[in-house]
Amino acid sequence: MTELEIGFAGLGALLVLIALRVPVGFALMIVSMFGVAALKGWSVAGGMLRTEPFDFAAHWSFSAIPMFLLMGSVAHHSGISTALFRAARLWLGGLPGGLAVAANFACAGFSAASGSSTATAAALGRISVPEMVKAGYDPGLATGTVASAGTLGAMIPPSIAFVLYGIFAEVSISKLFIAGVLPGIMTALIYATMIIVRCRINPSLGPPEAVKPSRAEKYEALGEVWPLLVLILTIIGGLYGGVFTPTEAGAFGAFMSFVVAFFQGRLTITVFRDSLFEALSGTARIFWVAIGAVLLTRFLAMTGAEVFLRDMVGSWAADPILLVLAASIIYIILGMFLDPLGLLLITLPLLLPMFEALDLDLIWFGVLVVKYIEIGLLTPPVGLNVYVIKSVVGNDISLETIFKGVTWFLVCEVVVVLLLVGFPQISLYLPGLMN
Amino acid sequence: MRPDHRSIQIPTNFFSWVAGAAILAIMFQVVADVAMRQIFAQPIDGTTEIVSFYYMVAVTFLPLSYVSHHEGHIFVELFSRGLRPRGLAFLEGVVGIMCFVFVIWFVRETWYAALISYENNEMWETSDDLITIWPNRFLLPFGMGLMAIYLLIRLIDDFMVAFGRRPPVHWE
């Protein structure tokens, strides 16, 4: 076998192992190390195991990940997500499908405190889906809204996906964060428009709230969420103005979440312990896969697969749009089967060299990749956010109903992707101002 | 011994609390560093290195056994969804052997790396000092070694379920 053939055989073996339920991190490491051993011998593979995982973990930029996870966990366990939904409900409940619109914007708001899509969907799903079902909402709309709007956690800063992408693509994480702001808001607005239009045409899908809240109630609800709004603005403003690095923004955000929870009387021992262990578990899980991805990158570099793909692109992709189209198809197909993190980390070593070869903007590509990951969280058979919502609603609503419910949101995602591809300035305008 | 036995859960929880302390330490030290820099124009020396080499390594490797016990490793349920509990336990047992053997190799290599680092008294240069980093090299074999023990206990349990010696249990 040539080195290149070993490389592609390794990728095939990787997909087989993942399909056989081998955890993604282990599959990446096992394939990479056996591949390196086949190419260069066991001592070289062992040498990589001695150095690469430690060097990777001892990375300053990565420390943003546990900080953002901690911030999101504290925000959720201390009841910020509940307060957000309550405020959104009082302000938006009167619209057609108002509760769904409120859940959508509460997810967008919570995304600014949480870097994870599944965490956002789980947090708001527990709160908003039962309320919507109780108010007579269509179960598909209720669950589909939270499953889909939960994906905004990956796009609206802070975002774990952007941190990982930024490190692998060697682009500014702060710029990636800022690049995600407009696409995230745009997605939330398009979702809301679709919900309102559907519910106006067919009011039985999401009847408006019967009781109109008073102005005093509305402002009182805002009083509970203003610390979060200040926190979000400080973090995004600090990143935008270059005052904070992403790690510093994360640490500050996590610290302030504890302070806010403490002063609101919500920081119990249970909240503290659950938040800490949730962040810890999330960090170790993400890093285990990421270390596997690093080893895969080294293995593929040894096989010459990256050079092969780069040359292949050079020979046929005169038009960058063709490459974007090819990448879209790859992400949509793999996104149906792989978890978002695995998808991100497996594909980047292959696709980044191609985008670099065509001199495409890697910030723009990062936004597109994260958007595809969001879509992958909703598409069957492995739509992770759908399963998160299913675990929240139990046997009351079937998996098929939830998948049916997200179909309308996937149509919106097609519109969003077309806009992001057709108008790169949506992603690049704000980062451009940072210079 | 079963996967929830206290002799494995006690060290698992201990490692997790140490890692939890490391997360909090990142938060406090970075916030203090930013405050010192913004208010007194005097950042805390070595923050980047201490966070990277000490806290991050602890946060990454010490909770691995905890993650394994709480079904935290990311996997894809594609073909296994239709399997009966005993069939699934058998598949998990086979996957467990694969993972266990790999982790043992991983532990062996990182243990050697830690010993070499210790013998050389490995250090890293900060802006105006040197920090010792060899102790944290040992966190890799410790964290993964505990995970290997957990994986072994778990895979034995999986095979006992697969061969009808025990009823299936959801460990968490």
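This section describes the contact between chains A and B of a predicted model, two buried residues of chain B, and the salt bridges of the structure.

The two chains meet through 59 residues of chain A and 60 residues of chain B. Together they bury about 5,400 Å², and 81% of this area falls on carbon and sulfur atoms. Within chain A, the residues that lose the most area to chain B are A:Arg21, A:Arg50 and A:Phe54, which together account for 17% of what that side buries. Polar links between the chains were also counted: there are 5 residue pairs in polar contact, with both partners at pLDDT 80 or more, and 3 salt bridges. One salt bridge joins B:Glu109 to A:Arg50, with 2.7 Å between the closest N and O atoms. A:Arg50 is thus named twice in this account, as a partner of B:Glu109 and as one of the residues of chain A that lose the most area to chain B.

The side of chain A that touches chain B draws at least two residues from each of the helices α1 (3-19), α2 (24-40), α3 (42-57), α4 (64-77), α14 (246-263) and α15 (269-303). Of the elements of chain A, α15 gives the most to this side, with 14 residues. By residue class, the side of chain A that touches chain B comprises 46 nonpolar, 6 polar and 7 charged residues.

Two residues of chain B illustrate the contact in detail. B:Ser52 is located in helix α2 of chain B, which spans residues 47-61. Its relative accessibility is 5%, and because buried means under 20%, B:Ser52 counts as buried. The side chain of B:Ser52 has polar partners in both chains. In chain B, a polar atom of this side chain lies 2.6 Å from the backbone oxygen of B:Thr48. In chain A, the side chain of B:Ser52 reaches the backbone nitrogen of A:Trp60 at 3.4 Å. When residues up to four places away in sequence are not counted, B:Ser52 touches A:Ala57, A:Ala58, A:His59 and A:Trp60 of chain A, together with B:Val57 of its own chain.

The second residue, B:Cys99, belongs to helix α4 of chain B, which covers residues 85-119. B:Cys99 has a relative accessible area of 3% and is therefore buried. With neighbours within four places in sequence left aside, its contacts are A:Val22, A:Pro23 and A:Phe26 from chain A and B:Leu151 from chain B. The C-alpha atoms of B:Cys99 and B:Leu152 are 9.4 Å apart, although 53 residues separate the two in sequence.

Across all chains, a search of the whole structure finds 16 salt bridges. Within chain A, A:Arg86, A:Glu220, A:Glu224 and A:Arg266 are linked in a network of such bridges. In this network, A:Glu224 pairs with A:Arg86, the closest N and O atoms being 3.3 Å apart. A:Glu224 lies in helix α13 (residues 215-240) and A:Arg86 in helix α5 (residues 80-92), so this pair ties together parts of chain A that are 138 residues apart in sequence. A:Glu224 also forms a salt bridge with A:Arg266, at 3.0 Å between the closest N and O atoms. Because A:Arg266 sits in the loop between α14 and α15 while A:Glu224 lies in α13, the second pair ties together parts of chain A that are 42 residues apart in sequence. These three residues are partly exposed, with relative accessibilities of 28% for A:Glu224, 33% for A:Arg86 and 22% for A:Arg266.

A further salt bridge of chain A connects A:Glu374 and A:Lys371, with 2.7 Å between the closest N and O atoms. Both residues lie in helix α19 (residues 362-376), where they are 3 residues apart, about one turn of the helix. Their surroundings can be described through accessibility. A:Glu374 has a relative accessible area of 0% and is buried, and A:Lys371 is likewise buried, with a value of 0%.

Definitions and conventions. Residues numbered from 1 in each chain as written. Chains lettered and ligands numbered in written order. Predicted model: local features only at pLDDT ≥ 70, side-chain atom pairs only at ≥ 80, totals over all residues. Heavy atoms only, no water. Helix = DSSP H or I, 4+ residues; strand = E, 2+ residues; numbered from the N terminus. Buried < 20%, exposed > 50% of the residue type's maximum accessible area, 1.4 Å probe, protein only. Polar contact = N/O pair within 3.5 Å; in protein donor to acceptor, adjacent residues only side chain to side chain. Contact = heavy atoms within 4.5 Å. Buried area = accessible area lost by both parts, 1.4 Å probe. Salt bridge = Lys/Arg side-chain N within 4 Å of Asp/Glu carboxyl O. Nonpolar A, V, L, I, M, F, W, Y, C, P; charged D, E, K, R; others polar.
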